[in-house]
Amino acid sequence: SSTALYAPTTGKWTPPDHLVTLRHAVADSRAITFVYVDRRGSRSERTVEPVGLHFWGLTWSTAAWCRMRQGWRAFRVDRMEEVRVEEPFPALRHGGLEAYLKHVKAEVEADGWARMRGLGQ
């Protein structure tokens with residue numbers, strides 16, 4: 001079963017087309033591959049195991065285990081291009097959303113939000 005996704009739309013903001021695709025990938029524990037454009041404009045291809053989607057007021061991000069970096073990362077959804085759903089992965093391989101949230105809490109405690117500031121930019 002899947003939870004309905006309600007995303008605000010205004011003249012200034014509309015949800016990316018692939019937001020629903022990402023929601024289904026999270027719900028079905030399926031890896032995704034995409035081209036990511038960072039804030040400097042650098043492009044890289046990533047394959048990740050997504051465990052959650054988060055809305056930060058004007059931006060969405062996906063919480064995921066990044067296979068390239070072998071660690072937890074958050075990716076802004078509006079910076080993802082060419083999103084493809086891949087093979088299923090074991091839902092709790094890395095501890096799931098709970099493990100991601102513990103990781104974020106540890107980073108916040110260590111850096112006082114310094115690493116998390118880029119999510120909304």
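What share of the contacts in the chain with a separation of 6 or more comes from residues 24 or more positions apart? The figure is 52%. Keep that in mind as you walk through this predicted model.

**Stop 1: the whole chain**

Start with a cartoon view of everything. You should find two helices and five strands, and if you follow the sequence from its start, they come in the pattern α-β-β-β-β-β-α. Colour by accessibility next: of the 121 residues in the chain, 38% are buried.

**Stop 2: the sheet**

Now select the strands. The five of them make an open sheet with antiparallel pairing, and the order across it is β4-β3-β2-β1-β5. Look at the two ends of that order: β4 and β5 (80-88) are the edge strands, each having a single partner, so one side of each has no neighbour in the sheet. Turn the view so that you look across the strands, and you can follow the twist: on average, neighbouring strands are turned by 45° against each other, direction ignored.

Add helix α1, residues 19-27, to your selection. This helix packs on the sheet and touches β1, β2, β3 and β5. Compare its direction with that of β2, and the angle is about 75°.

**Stop 3: strand β1 and its two partners**

Select residues 30-37, which are strand β1. Is this strand mostly covered or mostly open? It is mostly covered, with seven of its eight residues buried.

On one flank, β1 pairs with β5 in the antiparallel sense over five bridges. Two of the partners are easy to pick out. Show Ile32 and look in β5 for its bridge partner, Val85. Then show Tyr36, whose bridge partner in β5 is Met80.

Keep Tyr36 on screen, since it also leads to the next pairing: in β2, the residue opposite Tyr36 is Ser44. Strands β1 and β2 are joined in the antiparallel sense by six bridges. Follow the chain through the hairpin that links them, where five residues lie between the strands. Stop at Gly41 in this hairpin, which takes a positive phi near 95°.

**Stop 4: Thr59 and Arg76**

Move on to Thr59, which sits in the loop between β2 (43-55) and β3 (60-66). Is Thr59 buried or exposed? Its relative accessible area is 8%, so Thr59 counts as buried, the cut-off being under 20%.

From Thr59, draw a C-alpha to C-alpha distance to Val77. The two are 18 residues apart in sequence, and the distance in space is 7.4 Å.

Next, select Arg76, which belongs to strand β4, residues 71-76. Arg76 is buried too, with a relative accessible area of 8%. Which side chain does the side chain of Arg76 make a polar contact with? Show Asp78 as sticks and you will have the partner, at 2.5 Å.

**Stop 5: the cavity**

Finish inside the protein. A search of the whole structure for cavities of 30 Å³ or more turns up one. The largest cavity has a volume of about 40 Å³. To frame it, select its lining: Glu49, Val51, Trp65, Trp72, Phe89, Pro90, Ala91, Arg93, His94 and Gly96. Show these residues as sticks and you have the wall of the cavity in view.

Conventions:
Residues are numbered from 1 along each chain as its sequence is written. This is a predicted model: local features need pLDDT of at least 70, side-chain atom pairs count only at pLDDT 80 or more; totals for chains, interfaces and linings use all residues. Side-chain values use heavy atoms; hydrogens and water are left out. Helices (H or I, at least four residues) and strands (E, at least two) are DSSP runs, numbered from the N terminus. Buried means under 20% relative accessible area, exposed over 50%, partly exposed in between (1.4 Å probe, protein chains only). A polar contact is a pair of N or O atoms within 3.5 Å; within protein, one must be able to donate a hydrogen and the other to accept it, and residues adjacent in sequence count only if both atoms are side-chain atoms. Two strands pair if DSSP finds at least two bridges between them. Axes are lines fitted to C-alpha atoms, for helices over the stretch in contact, and angles run from 0 to 180 degrees between N-to-C directions. Contact means heavy atoms within 4.5 Å. On a 1 Å grid over the protein atoms alone, a cavity is a set of points where a 1.4 Å probe fits but cannot get out, and a pocket is an open set with protein on both sides within 12 Å along at least five of seven lines; lining residues have an atom within 4 Å of a point. Grid points are joined across faces, edges and corners, and a volume is the space filled by probe spheres set on the points.
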